[in-house]
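Hi everyone, thanks for coming. I'd like to walk you through one model today, so please have a look at it on the screen before I start.

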Amino acid sequence: MPSLTPLLANFSAQELQQLASFGDSRTFQPGDVVIRQGDDNDHLYLVLKGRLEVFQDVEGPDLSVAVLEAGDSLGEVSVFDPGPASALVKSVAESEVWLITRDSLDNLFAANPKVAYRLVSRIATCLSKRLRQMNDRFADMANR
């Protein structure tokens, strides 16, 4: 698994190999649904190649809210708080993602706490940055 994502930056080749053994790689064709909004989800996804588009179900046609490419991640919240997915995610090009479930992450903690801690720490940092960005957007909207 190449270190394309900031979540995996500075992991050694051996650590990446160990991480890969606890997850699963999947390929999606254009139009394939990766995550269906409302379906239960407990996966963290890392986009290894291709492009995914994220949609929110609103009144009328689905609203495109993001395009994810190699190096991006999604599902970070779901790996800690499994539940219904908050968005529809579709592949818009031939794509490959690596995913790890909550149970597999627990197994990784048992096998190699250091590697698991580093991954979880990076996920927390990613989520914190996204929360700050959302707070900034909310403040900008409130100040208009």
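How many bridges join strand 5 to strand 9? There are four of them, linking residues 51-56 with residues 88-91, and the two strands run antiparallel. Before I go further, please keep in mind that this is a predicted model.

Let's stay with that strand pair for a moment. F55 stands opposite L88 in strand 9. The ring of F55 also has a lysine for company: K90 lies over its face, at 5.9 Å from the ring centre.

Now let's step back to the sheet around them. Strands 2, 9, 5 and 6 form an open sheet, in the order 2-9-5-6, with antiparallel pairing. At its edges are strand 2, residues 33-35, and strand 6, residues 63-69, and each of these pairs on one side only. If you ignore direction, neighbouring strands in this sheet are turned by 30 degrees against each other on average.

There is another open sheet to look at. This one also has four strands, in the order 1-10-4-7, and the pairing is again antiparallel. Why is one side of strand 1 and of strand 7 left without a neighbour in the sheet? Strand 1, residues 24-28, and strand 7 stand at the edges with a single partner strand each, so one side of each stays free of a sheet neighbour. For strand 7, two bridges connect it to strand 4, residues 43-49, in the antiparallel sense. If you want a residue pair to find on the screen, Y45 has L74 of strand 7 as its bridge partner.

L74 brings us to the pocket. The largest pocket holds about 1,000 Å³ of space. Its lining counts 34 residues, and those nearest its centre are S73, L74, G75, E76 and R130. Which elements give two or more residues to that lining? They are strand 5, strand 6, strand 7 (73-74), helix 2 (76-80), strand 8 (83-84) and helix 4 (113-142). Helix 4 gives the largest share, with nine residues. Sorted by class, the lining has 16 nonpolar, 11 polar and seven charged residues.

One last stop, back with the rings. The charged end of R118 sits over the ring of F11, 4.1 Å from its centre. What about rings paired with rings? With a cut-off of 6.5 Å between ring centres, the count of aromatic pairs comes to zero.

That's my tour, and I'm happy to take questions.

Definitions and conventions: Residues numbered from 1 in each chain as written. Predicted model: local features only at pLDDT ≥ 70, side-chain atom pairs only at ≥ 80, totals over all residues. Heavy atoms only, no water. Phe/Tyr/Trp six-rings, centres within 6.5 Å; stacked < 30°, edge-to-face > 60°. Lys NZ or Arg CZ within 6 Å of the ring centre and 35° of its normal. Pairing = 2+ DSSP bridges. Axes fitted to C-alpha atoms, helices over the stretch in contact; angles between N-to-C directions. 1 Å grid on protein atoms, 1.4 Å probe; cavity = no way out; pocket = protein on both sides within 12 Å on 5 of 7 lines; lining within 4 Å. Points joined across faces, edges and corners; volume = space filled by probe spheres on them. Nonpolar A, V, L, I, M, F, W, Y, C, P; charged D, E, K, R; others polar.
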